[in-house]
Every structure is written in structure tokens, then in C-alpha cells.
Amino acid sequence: MTTPHTAPPAAAAAVPETPVAAKPSLLHMDPAARRVRRTELWLLLLAMAMVAGYLAAVEANMLDTVTMDFWYPAGVLTAVFLALHVVIRLRAPFADPVLVPTVALLNGLGVAFLRRLDLGRAKIDDRPELAIFAGDGGKQLLWTLIAVTGAMALLWFVRDHREVSKYAWTLGLAGIVLVLLPAVLPGSVSEVNGAKLWIRFGSFFAIQPGEFAKLMLLAFFAYYLVRKREVLALASRRFLGIDFPRGRDLGPVIVVWALSLLVLVFEKDLGTSLLYFGMFVVTLYVATERVSWLIIGLVLFFGGAVLAYVLAGAVGGPFTNFGQRVEIWLDPFAEPYDRGYQLVQSMLGLGTGGMFGTGPGAGNPLLVPEVRNDFIFAGMGEEVGLFGLTAMLALYLLVVSRGLRAALAVRDSFGKLLAGGLAFTLALQVFVIIGGVSKLIPLTGQTTPFLSAGGSSLVANWLLVALLLRISDAARTPASTGGVRR
Amino acid sequence: MNAPLRRVGVVVMVLFGLLFANLNWVQAYKGNDYRTSPYNGRVQIDEYDRQRGYIMVSNPGSKPIALSTATNGNLNYLRSYPGGAAYAHVIGYKPVNGTATGVEQLENDFLSGTSDKLFADRLRDIFTGSHTAGGNVTLTLSKTAQDTAYEQLAKNKLGAKSGAVVALDPNTGAILAMASFPSFDPNPLVAHDSKAAEAYKRLEGQAGNPLLNRALQETYPPASTFKVLVSAAALSANRNPDTPLQAGPGYQAPGTTHVIKNATSSTCPQEQMTLKEALTVSCNTAFARLGVELGSQRLNDTARAFGFYDNSLRVGNLSATDRGLRVEESVLGPLTTSSGGDDKPNIAISSIGLNEVRVTPLQNAMVAAAIANDCSQMRPYLVERLVGPDLTTGLYSAAPKELRRSCTASEAAQLREMMVSVVENGTGKKAQISGYVVGGKTGTGTADEEANAGSDGWFIGFAMKDGRPVAAVAVILDDAGKGGSGEAARIAGLVMKGVIEDKGGK
């Protein structure tokens, strides 16, 4: 393949003292790309300044002083993200400049908040000496390093998003295996807090294969649907003014529906199930432009969920966990110290935060169980308040909207489906977990993208961002700058 | 494919709109409910963020009997009560969950530092960022008297399983000792973990109800100590200590076949004796007959004048008399028939403190205190001083208040003379204190008269020095058996000695 990033003569003229380079170089960029990347750089530095500010506020509240070392985590993060920035300059110079700073800010706030939790758990005398890589915050910092390296590798080696489609069947198969793996493994290896989502290696290292399966399945869906869209879009029957597909074309959707229900029942996880199914139905809809698929999907999913709830009451067995979750959701205060404890504490934390929050480090987020994972948004809500959480929702919305924008702008169908699917999946995951911890929908164990402690989620979501960067670069590269776009 | 992608964008907006609306509901609309919810552990954490003040006894320089020490846990301070069971009913306890009791509840605002009196400290905290401790409370309790009272109750020589002691300063109404037995160790109840609830459950189920403050909340038949009140009623009806009364081995009230007898056949077999002699030997027949002669109206009036039928009495801080530790109402029971006339058989038995006459130990101590203080009955109280967190700034000092006039000064002097005779010549000799004039009255419910109150041992009395009252006391040993009133008199003497010791022998 030809590299699209050979510096054009126009760029060379802008930097006359340097000879024309044959290879991609930081010094020989298209002026438009240079502007875009400069925006990214400043936004990134602003984001890191905000993370440093958060860290300083945490120390001021928890140590009654700000140590000289308060900025270390922000410094490490800045270095990591600057490296990513350089890779983007080299490999995706036209990529959307808002994506990385926004995600970096969320990631940085997550690290800062996890470090704040570590400080809360440490003895008061030990707090000023908390090492930078200690505890959950330090681990998250290391994972960020790994995750961003992964994103850089993806950007470096995958020069064109369409290359991904070559491995679509392999990825699809691997995705299904990863989804089903925890379900078939014994509970001692795969079960954490009632949800079988994990593969544990020893006592301290565990991965959530579902996080990666999400990306693989999506790549497969996008490939499959681009090829089958004409067939699936064929109308056969009109009912109530809506065109419904032929019965024999329902095959794939039934397979995915069954897969998601299997996840629901055997991995005891409504969130992941909803995520896979929603992901599939929406890419199907985008591919075919047929509303009927949305309706079929919604009916199937909610029908399945209601059926599972009814079965939980009637049969019990594998459905019990789901039934309990629905009951807790309906009235968490019925058993405030027992089954409802997590959700009750989450609500109390959010409520205590109120409009403006107690300030970073000034609340008691450690009263919320699992605050480092599922309930991190509630934990932060106590300290940053409704205003802070709204700002964070806006950050997520920004990432999603930039993803959808890349989907709209990119020229190939596979890219559109992939970017649209990735953006929507991220939005849906945010909805499922934040809706869960704030009692909008029944709570299910999902990670909060870029915030929750945990390597799998962080690595997978940074890969998602890298894919969006890659697609947005393809979408924004002007046709005139010589980028040979196939 | 762009049209459906835009619609997906709309769906995302709707999903995020729902999240935003729901967060508004949870954080803004319901925020206050959740912030103050009883399930919200932050309420306690805030409360324990500031060091709670000390509670101290009146003795200068003595160690606090309630204090908070810093912890490494979630809650910053742990309350402890070095005084243990002896002070438990007065101080109460401040549990992490649930309401405080005793002085901990009464002065909660001041101890926790939220009181308006500590506004200046709070204001300074805002600027300095420090957490100044709450205020400190000094009680009226005299340490030696209180320790003696509880110790003697717990180790009484008769093995009585419950009882109470109240000692008052007749001049002021200050409560110098208030002990209830059995008691409890309040320390486990303020633990920060679930052991507190377990400890409470254990105490609640324990025989003898150790959580009950018998000094204020339990009523007993006063038995013969009630003869002091009948004597007061007699003096107010133009009798005097030398007025001859008809005594004898038995008395049958009009309208009944029941014969009231004396404790022993040798108590007052003679046909006639003076009021003073009758009180000195505790002659049942003379007082039963005297009560019937005086009538229900006069007995009721006198009882009210000494504090009976006062259901609004609270003991605590004199600046807020509507708050404080609740005191059970003391009553005489029915003395009239349904037609309104005197129910003479009932009056006869009631006049020797049985039937349905019921008093709290505090009420009985207040009778003795009023008599010692020329019948000026002072309002009893527990909080002597409120001191700022620096332990020097005085923010409140009790100003004693007269509660009521119980009789005239000359009647009080006559009653004192008669009660001194009881301790010097009669049934209360064990209460004597050398160098002090001690007066009092014993009481023993005898099985003959009242099966239920079988054998409570009572003593009420006072100690005087140079014509001024030093202390008044009431002691009851519940179900003490034979010799109960003698043991009560002995304990009363020791408690009053404790008061004298703490006052430096004055």
C-alpha cells in the first residue's frame, strides 16, 4: 500500500530551510493538519492542567496542604498522551483533534479519583507519602500507559481502517468465543459479585474478555452487514405502514438475540447483553436504513427481558439473579442493608453531592461499595456534584458525537458502520452503567468507560478511540493533499 | 447511510437527556432527603468530625467522666466513659446510630459544638480551617458521693438486687448524687461497629432492666417515709410535735374490718404518744388514725406542696426547664369514694405510705431537701456549668431557682426537730454523722400491709451544720428483706459523708 502521508510540496515551501523529506515527518506536515494537531495539543495541555487542578484540590482537602509532588500523576499522563499526540501527527495527521483531549481528561479524572480513594484508605499519617504508582490510582496510571501504547500501536500498524475487514470472520469467531468463555468456565474463575464476566488468573489479575469481544463483534457486524445490506433491506411484507424483512433473512438477528440472552442468563449480566444486542440492532438499522429492524430488535429484547423476569419468579434457577436486580431497582430501600445496599449507598452518595458537590477529596465516596469499579460515577458525583457530573456527561457526549461525525464524513460503508457502531456502543455503555447507578434502569455490572479501575476496560476503550481516530483521519483527509484514498 | 446515522445521534441525545434528567432528580430534587437519610453514614461522619466535649463532675481538677479520643477509623473520635456504670444513668451515652440519652442528649448541641453559644468558635473555624472541639459540661455531681452511692448500692449488705440513691444540695437543688442499680457499662454502646447494637440488645433483654434510671423513672410505695408528709400536713392543721396522738397495737378505720398493726408489737402499744414520739418510733396506728382525721383534702394539698402530681418536672439545665431527664409523676392514689367523700379505709393505709401511694426516689429526696431548707424547695438540676472548648471560657453557670414553697419556715423547723429525733433516738440511728446534725425517716413496707411491696428499705434525710443544710438524701433498696431500712440509713449516711468530704468538711 502507498503511504498517504508523504509530505506534499506545499508543506515543504512552508518550511524552506528543510529539504523535502521522503518519509512522514513531524516537520513536514500539511498546514491544515498542522493547525488541527496544534488544536489537539493545546486542548490536551488544558485537559492535563484540569487533572492537575483536581489532584491539587484532592490534596488540599485530604492533607490540608498541597505537597510539592501533587502533579506527578498528571505529569506522567501528560507524557503518555503527548507520545500519542506525536504518533497521531505521524500516522493520522488529520484525525479529529477533540477526541484525544476529551478522552484524556476523562481518563485523567479517573486516575485522580482512584488516587483520591487510595488516600482515603491510607492512614492519615501515611497519606503525604503515597507513592505515585501505589494503589488503584497507580495501577490505573500503569494501565493507562499500556492502553495508550495499544492505541498507538493500532494507529501505527493499521494504516487504513478497511484493513480490519480482512479479518472480520476471525474477529467475529474470536468475539463469540470470548463472550461465551466466562459462561462455560467455572464460577470460581469467572464470577465476581454475582456476574460471570471475568477470567481470573490468580487472585490479583483478571480480565473481562467481554470488553474486547465488543470491539471484535462490532468489526464483524460492520463487515457482515455491508455485504448483506441489500438482502436484509429487501422488503417482503408491509404491516402497519412498516416494511418487514423476509422470514429467512431473520437468521443472523435471531442468532445474536439468542447469544445476548445466553449472556443474560448464564453470565447473569443484563448490561452486557443489552450492550451486544443494542450494538447489533443499531448497526443493522444503519446498514439497511429500515426502521423495522429497530422495532423487531426492541420487541425481541424487551420481550426477552420481561420473559426472564417472569421466569425468575416462576422457575428461579439461572434467572434468579436477574429477577433480584429488577426488584432492587424497583425499591432499593426495601432492604437497605441487604440486597439494596449497593444501590442505596450509591443514591445517598449522589444525593449528598447535590448541586455542587463537596469538592474533590472532601466527601466520603468510600462508603459506596465497589466505588472503584461500577459505582465510580456515583462516588465522583458526591464530590463534583450535579454540575461536575453534567460536565462529564458532556465529555462523553462529545466523544460520541465526534465518533458519529467521523461516521458521517467517512466515505466507505464499512467505516461508516464501524465508526457509527463504536460511537453508539460507547454511548450505550455509558447509559447502561450511569443509568444503573442512578436508578434509571436496573443496575448491571458494567465498567464506566475510561473511569473505572480495570485494565481490560481501559485498553479496550482506548483501542475503540484509536479506531475512531483512524476513521476520522480518513474522513478528514482532504482529497487534494495527495492522500491516496482507496 | 447518513440519515440513519443522524437518527442514531438523536437516540444518543435522548439517552443522555434521560441520564441528565435523572441525575437532576437524584442529586438536586431528592438530594436533601438522601443527604440526611438515616441510612447515610455521612451524617455520623460529619458528627464525629469534631471532637465532642468533656462531661465532668463538680470536683475541681478531677478527670472527665465522658471524653472523646481520636481514632484511625472512619469516624474520627471515639466516645468513652471512664466513670463506667456508676455514672451511666446520668450521663447516658451517645451511640453512633440512634439517639443519645441522659446528659449526652440534653446537652448534645453544646457537646457537639453546634450550639449557638459556640458561634464564635465556629466562625473562627471557618477562617482557620481547624475543627475546634465541642463545649464541655460540668455536672453538679459530687464525685465521692456519686461513687459511694453506686458502690454501696451494688455491694449492699442485704444482697438487694435493685435500688436507687439521690442526694441533693437543699440550698440550691443541685443533684450531688444520682445512682440507679443495676446499671450498665455505657462504653460498648458507643462502639463504632455493630457490636454496639449487640450490646444494646443484650442489655435490653437482661433481667432487672439495667437501662432504667430508677432514681427518676421508677416509683415505689414510700412506706413509713410518707409519715413525714403526714406530719407536715398535721403541722399545717394547727398541730405541733407535742400534740398527743392516739396510738395502740391496732387501728380499724371506719367502714372496714381491716386492722392496721405496727411493725412489731413493742413499737407503740401505749394508748397515747406525741406526734414527735410517733414519728420517732414509726407508729403505724397513730399515723393511720391521724391521716383519717386530717382528711384527703389536706393530705393532697400537702403532697402537692412537696412536689407530688408534678408531671412536667425535668432535671437538667435550669435555663431550659422544659428539657432534661424526665421524672415520673409521684401520686397518692385514690383517697376519696366515688361520691366525693373521704375513703377512710384507703386514707388509713395510704397514711403509712402503702396502698397506692407512689414516689420516685428523687421526689422523696426533694421532700427531705425542702424540710432542710426551711421548706423552700429548690428546682433540682444536673448541669452546673457550660465551658468553652478552651476549658476556661464560662458560657453558662446555673442560677438556682425555687420550685415551690412546701410549708412555712417554722413548720420546717418543727419537722426537722422530729426527724432529728428519728436519727438520734429512733429507727434511723445508722445514718448518724459525727459533728453534723442528721435528721431522717426510715421506711419498710411490711408484708402485712402490702404484699407486693413486701420489704422495700427506705431512708430519707438530711445533714445540717451550724443551722445550714449540707445535703439531703433518699435511698431505696428494692425487695431488701429484713433490715432494709437500716441498710438504707447506713448508705444514706455514707453518701452524705461523701458530700461533706468533697466540700472540704464544711
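The following exchange goes through the contact, the cores and a sheet in this predicted model.

Biologist: Which helix gives the largest share of the side of chain A that touches chain B?

Modeller: The contact takes 41 residues from chain A and 31 residues from chain B. On the chain A side, α10 (270–288), α13 (341–353), α14 (376–409) and α15 (413–437) each supply at least two residues. The largest share, 12 residues, comes from α14(A).

Biologist: How many residues of that side of chain A are charged?

Modeller: The residues of chain A that touch chain B fall into three classes, with 24 nonpolar and 13 polar. The charged residues number four.

Biologist: Which element gives the most to the largest nonpolar core?

Modeller: The largest nonpolar core has 154 residues, and A:V51 and A:A151 touch the most other members. Leaving aside neighbours within four places in sequence, A:V51 is in contact with A:A74, A:L77, A:L105, A:G108, A:L109 and A:A112. With 16 residues, the element that gives the most to the core is α15(A).

Biologist: How many residues are in the other core?

Modeller: This core lies apart from the largest one. Among its members are B:V90, B:L290, B:V383 and B:L477, and its residues number 136.

Biologist: Which residue stands opposite B:L386?

Modeller: An open sheet in chain B has four strands with mixed pairing, in the order β1-β4-β14-β15. Its edge strands are β1 (55–56) and β15 (394–397), each pairing on one side only. Strand β14 (residues 383–387) of chain B runs antiparallel to β15(B), joined by three bridges. Opposite B:L386, in β15(B), stands B:Y396.

Technical notes
Residues are numbered from 1 along each chain as its sequence is written. Chains are lettered from A and ligands numbered from 1 in the order in which they are written. This is a predicted model: local features need pLDDT of at least 70, side-chain atom pairs count only at pLDDT 80 or more; totals for chains, interfaces and linings use all residues. Two residues are in contact if their C-beta atoms, placed from the backbone, lie within 7 Å. Ala, Val, Leu, Ile, Met, Phe, Trp, Tyr, Cys and Pro count as nonpolar, Asp, Glu, Lys and Arg as charged, and the others, Gly among them, as polar. A nonpolar core is a set of buried Ala, Val, Leu, Ile, Met, Phe, Trp, Tyr and Cys residues joined through C-beta atoms within 7 Å. A residue is buried if 20 or more other C-beta atoms lie within 10 Å of its own, exposed if 12 or fewer, and partly exposed in between; C-beta atoms are placed from the backbone. Two strands pair if DSSP finds at least two bridges between them.
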